[in-house]
Amino acid sequence: MPDILSLPPEFAGLDLLATMVVVSSAEGECLFANTAFENVMRLSRRTAQKAQLPDWFDDAQRLTETLAGVAANQYSSSRFDAQLRRGAWAQEDGLAVHVIVSQMDVGMERAPRVLVELIEIGSQARQDRDERSLDQVQATKELTRNLAHEIKNPLGGIRGAAQLLALELQDTNAELTEYTQVIVHEVDRLQSLVDRLLAPHRRAHVVGDVNIHELCERVRALVLIEHPKGLAILRDYDTSLPDFRGDREQLIQMVLNIVQNAAQALGSRIHAGDAQIMLRTRVARQVTIGKQRWRLALELHIEDNGPGVPAEIRDRIFFPLVSGREGGSGLGLTLAQTIAQQHQGMIDCESEPGLTNFRITLPLP
C-alpha cells in the first residue's frame, strides 16, 4: 500500500474540491481519497486506503469492469449512476451518486491509475433546501422578535390595570376579584412566553473554550436524572475533535432542548423499557453551512428510535409555536436553531418512524 506522502503532489489539489474524488488502480485498489470522500463516507483516509473501491458500491461488478476498461484505454471515460454504501458504523440508506471514471496521465513508468469522481445526486437539492430554510428561519426570527416586543408593552398595562381593579374590588365583590386574578395569571403566562421568545437576543454572549463531549455529558446526566428508567442514552464520540469558542451555557441549552424533545417523543418506548437516544460526534471537512464554506466543522447527531416527526410539520419544526406534542410550546427547537445560528452553525433533521436524526453542524477553528 503506497504511503500518502509518496503520492504525486498534484493529489493535494483534490482536497480542495467539494465533490468526492478517489484515485484508484485498475484493479480497484483505493490509492487516494480526498477530504470530501472522508466526510461523506464518515471514515478516515487511512481506512479508505486499506479498502477496495468496488466494495463501497451495490453494483461492484459494473465499477470493476469500468475501471479495467478505462485503465486499458478501451474508452477515455465513463459515466453512470450508482448506489454508494456508507462507512461501517453509519445506519443511513445508500447514497445515490453519479459516477465519472476518467483516465489519468501517469507516464509509462507507472501502473495505470484511474480518477473516480462521485457526485451526490441530491446534494444540490439539499443545499438549496438548507439555504431556503436558513432564509425562512431568519425572517421568522425577525418577525417573532418584533412581534414579541409589540406584545410585551401592552401586557404590562393590562396587568397593572387588573391589579388596581382587584384592589378596588377586594372588599366589595369576591367573584369579580377572582376574575382579576385570572387576568393577572394569564398575563404572566403570556409574559413568560414572550420572555422565552426574546431570551436568545437579550443575553450577551459569554465566549470561552467549549468541549463538545463535556457538553454532551452534562446534557446526558440532566436527562437521565429526569428519566432514570427505560431510557438509554448511548455515546459514539470522535475524541479527536478539538475545543472551539462559544457560549457554553447557550450551547448546553441548545443540545438539551433537542435531547429533551427526543425523550418526550419516546414516552411509550420509555414505558416499554427500550427507548434509546444516541449522541454521535464526527468531524466534517469542506462543509457549507448556509452560504458559507468552512474547512472544518463538527457534527453532533442526536438520534432516537421514537415514532418520528409528523410528516405535516416536518418542514416547519424550527418555526415558533410549531409542536408535534400536545401541550408543547413549540419554542424549544426554535431557540436551539437560533443559538446554532448565533454560533454560525445550523441544525437540520431527517426523520422516519423508528429513526429521527437531528444534526447540529458548528464550524471549527
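Trainee: Which residues touch the most other members of the largest nonpolar core?

Mentor: Leu 231, Met 254, Val 255, Ile 277, Ile 302, Ile 347 and Ile 360 do, out of 42 residues in that core. A nonpolar core here is a set of buried Ala, Val, Leu, Ile, Met, Phe, Trp, Tyr and Cys residues joined through side-chain atoms within 4.5 Å. Buried means under 20% relative accessible area, exposed means over 50%, and partly exposed is in between, with a 1.4 Å probe and protein chains only.

Trainee: What sort of model is this, and how are residues numbered?

Mentor: It's a predicted model, where local features need pLDDT of at least 70 and side-chain atom pairs count only at pLDDT 80 or more, while totals for chains, interfaces and linings use all residues. Residues are numbered from 1 along each chain as its sequence is written, and side-chain values use heavy atoms, with hydrogens and water left out.

Trainee: OK, back to the core. Which element gives it the largest share?

Mentor: That's α7, with 9 residues. At least two residues each come from α6 (212–226), β7 (231–236), α7, β9 (275–289), β10, α9 and β12 (355–363). Helices (H or I, at least four residues) and strands (E, at least two) are DSSP runs, numbered from the N terminus. Another core, of 27 residues, lies apart from this one, and Met 20, Val 22, Ala 51 and Leu 95 are among its members.

Trainee: What does Met 254 contact, leaving aside neighbours within four places in sequence?

Mentor: Ala 336, Ile 339, Ala 340, Ile 347, Ile 360 and Leu 362. Contact means heavy atoms within 4.5 Å.

Trainee: At what angle do α7 and α9 pack?

Mentor: About 145°, with the axes of α7 (residues 248–265) and α9 (residues 332–342) 9 Å apart. Axes are lines fitted to C-alpha atoms, for helices over the stretch in contact, and angles run from 0 to 180 degrees between N-to-C directions. The residues of this contact divide into 8 nonpolar, 6 polar and no charged. For that split, Ala, Val, Leu, Ile, Met, Phe, Trp, Tyr, Cys and Pro count as nonpolar, Asp, Glu, Lys and Arg as charged, and the others, Gly among them, as polar.

Trainee: New topic: why does Asp 247 count as buried?

Mentor: Because its relative accessibility is 1%. Asp 247 lies in strand β8 (residues 244–247). A polar atom of its side chain is 3.2 Å from the backbone nitrogen of Gln 250. Asp 247 and Gln 342 are 95 residues apart in sequence, yet 9.5 Å apart in space, C-alpha to C-alpha.

Trainee: And His 301, buried or exposed?

Mentor: Buried, at 2% relative accessibility. His 301 lies in strand β10 (residues 292–304). Leaving aside neighbours within four places in sequence, its contacts include Arg 42, Met 278 and Phe 358.

Trainee: What's odd about Asn 73?

Mentor: Asn 73 has a positive phi of about 65° although it is not a glycine. Its place is in the loop between α3 (60–71) and β3 (77–84), and Asn 73 is exposed, with a relative accessible area of 55%. Gln 344 also has a positive phi of about 65° without being a glycine. Gln 344 sits in the loop between α9 and β11 (346–352) and is partly exposed, at 45%.

Trainee: Last one: how many helices and strands does the chain have?

Mentor: The protein chain has 9 helices and 12 strands. Buried residues make up 45% of its 365 residues.

Notes. Polar contact = N/O pair within 3.5 Å; in protein donor to acceptor, adjacent residues only side chain to side chain.
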